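Please open the model in a viewer and keep the selection tool at hand. The stops below proceed from aromatic rings to charged pairs and end at the surface.

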Amino acid sequence: PPGFVESSCHSRIFWMKLNKLFLQGKFFHLEIHDPYAGPILLDEKLASRCGYVLSEDVWGNPMFRASVLGCHVANEADELFTLTVNIKVSSFSSMRAAVTYIYPMYCSYSSWASREIVCEENYMEVSVKTDVPAVSNDYTVAWLSALPETQNVAYQQWQLMFVSPSGRKRITVSDATKLGYSFNNTLSRVYLRAPYHSNESDLSVVSGVNMNMVTSTSMYRQRWLLLLIDTTVSCPVVGTSFTDTTLKWTVPSVIPTLVVQEATFLSKTILMGVDGQVIIKPEEKNYLLEHNETHISITIPIGAEGGKLKSSVSGAVYGVIYSIDLFLEHTWTDADWQTTKYTAIKSITTPFMPQIPTVINNTLPEERLFSAAFGHFLPDVSLVAIAIGNVPFTLREAQHHGFKIYETPFSNRTKGFILEVSFDDPYVLKEYVNRNETKYTLLINYTLSVGPEMMPYYHSAEVECVVADMELPEAVGYCDEENLYQAIPTFGLHQYWNLYLGNKLLNRHVALTNGYLAATNSTHLILQIPLFSVGVIYEEVSFQKIKARFDIALRKVRTMETLQMFSVSCSFNSSSFIICHSDGTIMISAQMKTVPAIDMSKTKLRDSSCKPTEYNEDHVFFKFHVTTCGTSVRFEGDHIVYENEISYEKETLPGQSIPTITRDPDYRLTALCYYRAKETLVLGAFAGDPSTSSPSGSGMMLPRSNIAVRRRIRQALSVVSRVSKDETFMEFYKPNMAILKQPGEPVFLEVELKDESPSTELHLKNCWVTRSPDFNSTPRWNITVDG
């Protein structure tokens with residue numbers, strides 16, 4: 001069919017190429033058609049002996065090359081050569097029902113050099129004109145050693161003598177054929193074809209290039225005629241080198257075994273070719289042809305025109321292989337051979353070159369769309385499947401799901417694959433980060449088919465995008481006469497954020513325990529906080545007015561980072577209250593209405609020196625610490641109870657006898673503060689600021705009249721503190737010594753509780769330094785805050 005076969009003739013070699021597109025899914029054989037012997041099946045052994053090469057070009061097209069001096073080639077006067085090839089094509093491996101295409105090839109070649117050498121991939125060939133004097137004037141020539149053997153040359157029969165490191169071997173042509181050689185003569189030439197690495201060959205290094213050499217003399221005797229022909233041949237077997245960007249093929253300029261008198265050597269022409277075509281101007285294709293006295297080299301950029309890059313997979317790594325078919329033709333003259341044409345054909349393939357593909361993140365945050373470009377790949381790579389978030393999809397399933405997948409061209413004739421996925425797709429991972437941002441993560445696993453062998457290749461990637469698309473909730477606070485209220489949006493609560501009261505998670509149990517009322521609707525959580533409940537902060541307290549604040553912290557669920565503080569602050573009018581602070585400060589506002597009225601300035605606590613801070617005609621306000629003013633302490637279950645009382649002692653009138661006449665009523669008001677024993681330990685030396693600390697105890701006032709109060713001795717706790725000079729806590733400052741510290745410089749503080757009771761624990765909450773032993777003195781400098 002048209003386009004199936006392409007052929008040419010160059011450097012006396014038949015070139016034939018079959019189009020692989022016609023052979024897809026089929027099997028084919030090549031036969032050499034001999035007009036006398038009939039069709040002869042071409043196999044590897046026949047190919048090297050008969051001067052044939054059957055391989056593939058870099059594009060995968062079957063290729064056939066044959067020497068014009070090969071077997072079964074019709075030769076007309078050493079000028080016109082004909083070779084007929086049968087191409088058998090079948091749909092079955094057994095080749096039954098095969099279709100045979102007969103394809104004749106013609107080659108016209110008359111410009112023979114005195115000696116021509118062909119270095120093919122699977123054979124070496126030398127042909128020599130028989131009218132050239134065979135004996136050199138240089139009697140040191142190695143093959144002249146054959147002269148003593150000539151007397152044994154058979155009459156009218158060609159014989160070959162090989163010289164190798166193992167010695168000389170003289171054999172007939174028929175025996176040479178059995179060893180894989182081919183020797184014959186035409187009208188005007190004698191040729192020898194030899195396989196590489198035969199027993200009679202020798203390896204040598206010429207100008208750094210490994211050469212395979214067969215040293216031979218062809219001998220013929222007839223009457224007075226003795227014909228000795230040097231049929232030595234030498235071809236490069238390696239000579240290739242590679243970098244990351246180029247490949248290089250090097251051949252010696254002068255091969256000593258082929259040039260006996262090197263002083264007479266003269267290089268005439270050097271040509272290079274690619275894929276059977278001579279390249280007249282290599283530089284136009286970025287090829288580099290160089291030569292000097294020792295070397296001829298061809299340098300090809302990897303990926304250059306004329307060769308082929310092919311994708312491959314090695315050890316689960318993607319990479320490429322570059323192949324190119326080169327030939328080199330060197331013509332020279334010397335005194336012995338007049339003209340030698342030296343042709344070397346080399347198919348070069350680079351080692352596997354890893355090309356780790358990359359995923360380029362072209363995500364469009366404003367469109368909430370992931371766009372990932374995966375590349376770079378050669379055209380022989382195709383995407384066959386993907387997995388998103390470990391969920392596999394065929395390409396059809398992915399398109400049906402809503403993913404967009406398409407190819408895109410890149411530079412250098414490469415391509416990539418674009419994947420577009422919405423942020424809101426259920427297979428996209430979403431994570432709340434920072435204050436108001438969401439991190440969207442797209443986990444991708446690509447499955448590709450690589451190269452003509454369709455090798456599977458897998459690549460995983462992770463694409464992230466952080467978008468500020470979260471709106472932090474804003475609380476609304478308000479108050480009534482007895483309560484504070486917080487209205488907080490419920491969107492994102494418990495999913496991204498939690499509410500905290502101090503260090504406790506504010507859940508329904510905590511709310512009920514603390515006396516809060518919690519109600520929810522479709523959008524908000526409404527929290528009612530009674531004025532005298534745990535967690536309320538009293539910013540200003542006087543005997544008839546309270547300025548109270550309630551704080552709730554909005555924290556991240558995972559990291560506990562505080563993002564927002566929701567505060568509500570209001571002022572309240574209250575005539576009677578008791579506030580028990582966690583630092584041990586007690587504030588009491590009492591309404592004391594008696595008949596007759598009493599002088600409020602003369603009221604006191606158990607310690608008569610503790611007088612009211614503020615008062616009027618029927619109200620009194622006390623502020624004191626649990627460690628002062630005669631306050632007693634006792635344990636009730638899991639609570640510590642601190643007790644004091646406000647009293648007014650009657651004024652007596654002098655009289656002559658009992659009873660004594662008085663004009664004032666007897667008044668006593670008992671104040672109790674309850675603290676959880678395991679949560680709080682109040683020490684005057686480390687008290688907190690009552691204006692900024694939350695009450696952690698509950699209080700109650702019990703008025704008494706004419707009842708004797710049982711006095712209790714309060715429990716004394718022995719605490720010792722000292723300051724270390726460094727973090728080793730080995731050397732300490734002396735008591736009452738002035739210590740100079742810069743702001744931000746650490747203070748190494750040791751506090752020891754000297755108490756043998758197993759139920760007593762020491763907790764440091766707020767620690768500060770003042771200029772006076774009085775814990776209420778100012779100014780003060782914080783050392784630790786909130787533990």
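**A guided tour of the model**

Begin by selecting Tyr 318, which is buried, with a relative accessible area of 1%; buried means under 20% relative accessible area, exposed over 50% and partly exposed in between (1.4 Å probe, protein chains only). Next add Tyr 457, also buried, at a relative accessible area of 4%.

Before going further, note that this is a predicted model, in which local features need pLDDT of at least 70, side-chain atom pairs count only at pLDDT 80 or more, and totals for chains, interfaces and linings use all residues. Residues are numbered from 1 along each chain as its sequence is written, and side-chain values use heavy atoms, with hydrogens and water left out.

**The whole chain**

Zoom out to view four helices and 59 strands; these are DSSP runs numbered from the N terminus (helices H or I, at least four residues; strands E, at least two). Of the 787 residues, 46% count as buried. Among contacts (heavy atoms within 4.5 Å) between residues at least 6 apart in sequence, 61% join residues at least 24 apart.

**Aromatic rings**

The structure holds 29 aromatic pairs. Rings of Phe, Tyr and Trp (its six-membered ring) pair if their centres lie within 6.5 Å; planes under 30 degrees apart count as stacked, over 60 as edge-to-face and the rest as tilted.

Select Phe 81 and Trp 112: the ring centres are 6.2 Å apart and the planes stand at 70°, so this pair is edge-to-face. Phe 81 belongs to strand E8 (residues 80-90), while Trp 112 sits in the loop between strand E9 (99-108) and strand E10 (115-119), so the pair ties together parts 31 residues apart in sequence. Both Phe 81 and Trp 112 are buried.

Return now to Tyr 318 and Tyr 457, which form a tilted aromatic pair, 5.8 Å centre to centre with 50° between the planes. This pair links distant parts of the chain, with Tyr 318 in strand E27 (residues 317-334) and Tyr 457 in strand E38 (residues 455-467), 139 residues apart. Extend the selection to Phe 374, Phe 377, Phe 417 and Tyr 446, which form one aromatic cluster with Tyr 318 and Tyr 457.

Then select Arg 96, which lies over the face of Phe 92 at 3.7 Å from the ring centre. A charge sits over a ring if NZ of Lys or CZ of Arg is within 6 Å of the ring centre and within 35 degrees of the ring normal.

**Salt bridges**

The structure holds 27 salt bridges, each a side-chain nitrogen of Lys or Arg within 4 Å of a carboxyl oxygen of Asp or Glu.

Select Glu 645 and Arg 668, whose side chains meet in a salt bridge (3.0 Å, N to O). Glu 645 lies in strand E53 (residues 639-648) and Arg 668 in strand E54 (residues 667-676), so the pair ties together parts 23 residues apart in sequence. Is each partner buried or partly exposed? Glu 645 counts as buried at 1% relative accessibility, whereas Arg 668 counts as partly exposed at 22%. Next select Arg 12, Glu 116, Glu 125 and Arg 193, which are joined into one network by salt bridges that share partners.

Move on to Lys 285 and Glu 305, a salt bridge in which the closest N and O atoms are 3.3 Å apart. Lys 285 is partly exposed at 28% relative accessibility, and Glu 305 is exposed at 52%.

**Final stop**

Finish at strand E58 (residues 767-770), which contains Val 769, a residue that counts as partly exposed at 40% relative accessibility.
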